[in-house]
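Reader: Could you walk me through a few features of this model? I'd like to follow the reasoning behind each answer.

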Amino acid sequence: DGKYCYVGSLETDAGRMQGEYLAGILKDKGLTEVNYIMLIGDLGAENAIQRTASAKEALEAAGFTLKATLEDTANWDRTEALNKVQQVIGSGKPVDCVIANCDEMALGAIEALKDADMLADVPVVSIDGVQNAILAVQSGEMTMTVLQNAQAQAKEAMKVAVELAEGKIVEQYYWVP
């Protein structure tokens, strides 16, 4: 009815970008089967579902067979991700890459991989583009992060809020790349 809307970024785009970027790296390694760790935000959260599914779909579309070494929630939390990745490493299961729904979980995985001297061999991809993740990408510890532009989302939300306050009819969705 034009009196409410959603302002944000497409979660499927973020996951797809993760998968596509990772696919190039894994192809360069000569892999066709990928043993992955997927760190999921909240199991029922729509953004986590979309980020997870689209990352996996992009890897499958690139021709990879996926084998989950671990696919579990870490509740958007760095320490929980660190502990889960440490457990996987301790089990001796193979790990070709880590895909995280958010930077905090990716940073936890990086700590675990560094402690096990595995970081150089295991690419870590993430979503959000927070400052610590950008620094980790610049230092070579994180492979990549997809920017979720919070400032642009906030600016668009404020613009739409003003329009709503003025009684204007608004679109249902405002997508911020």
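Reader: Which residues do ring pairs link into a cluster?

Author: Happy to start there! This is a predicted model, where local features need pLDDT of at least 70, side-chain atom pairs count only at pLDDT 80 or more, and totals for chains, interfaces and linings use all residues. Residues are numbered from 1 along each chain as its sequence is written, and side-chain values use heavy atoms, leaving out hydrogens and water. Rings of Phe, Tyr and Trp (its six-membered ring) pair if their centres lie within 6.5 Å, with planes under 30 degrees apart called stacked, over 60 edge-to-face and the rest tilted; the cluster linked this way is Tyr-6, Tyr-173 and Trp-175.

Reader: How many residues apart in sequence are the parts that the pair of Tyr-6 and Trp-175 ties together?

Author: The pair of Tyr-6 and Trp-175 is tilted, at 5.5 Å centre to centre and 55° between the planes. Tyr-6 lies in strand S1 and Trp-175 in strand S7 (strands are DSSP E runs of at least two residues, helices H or I runs of at least four, numbered from the N terminus). The parts tied together are therefore apart in sequence by 169 residues.

Reader: Is Asp-121 buried or exposed?

Author: Good one to check! Asp-121 sits in the loop between helix H4 and strand S5. Buried means under 20% relative accessible area, exposed over 50% and partly exposed in between, using a 1.4 Å probe and protein chains only. With a relative accessible area of 54%, Asp-121 is exposed.
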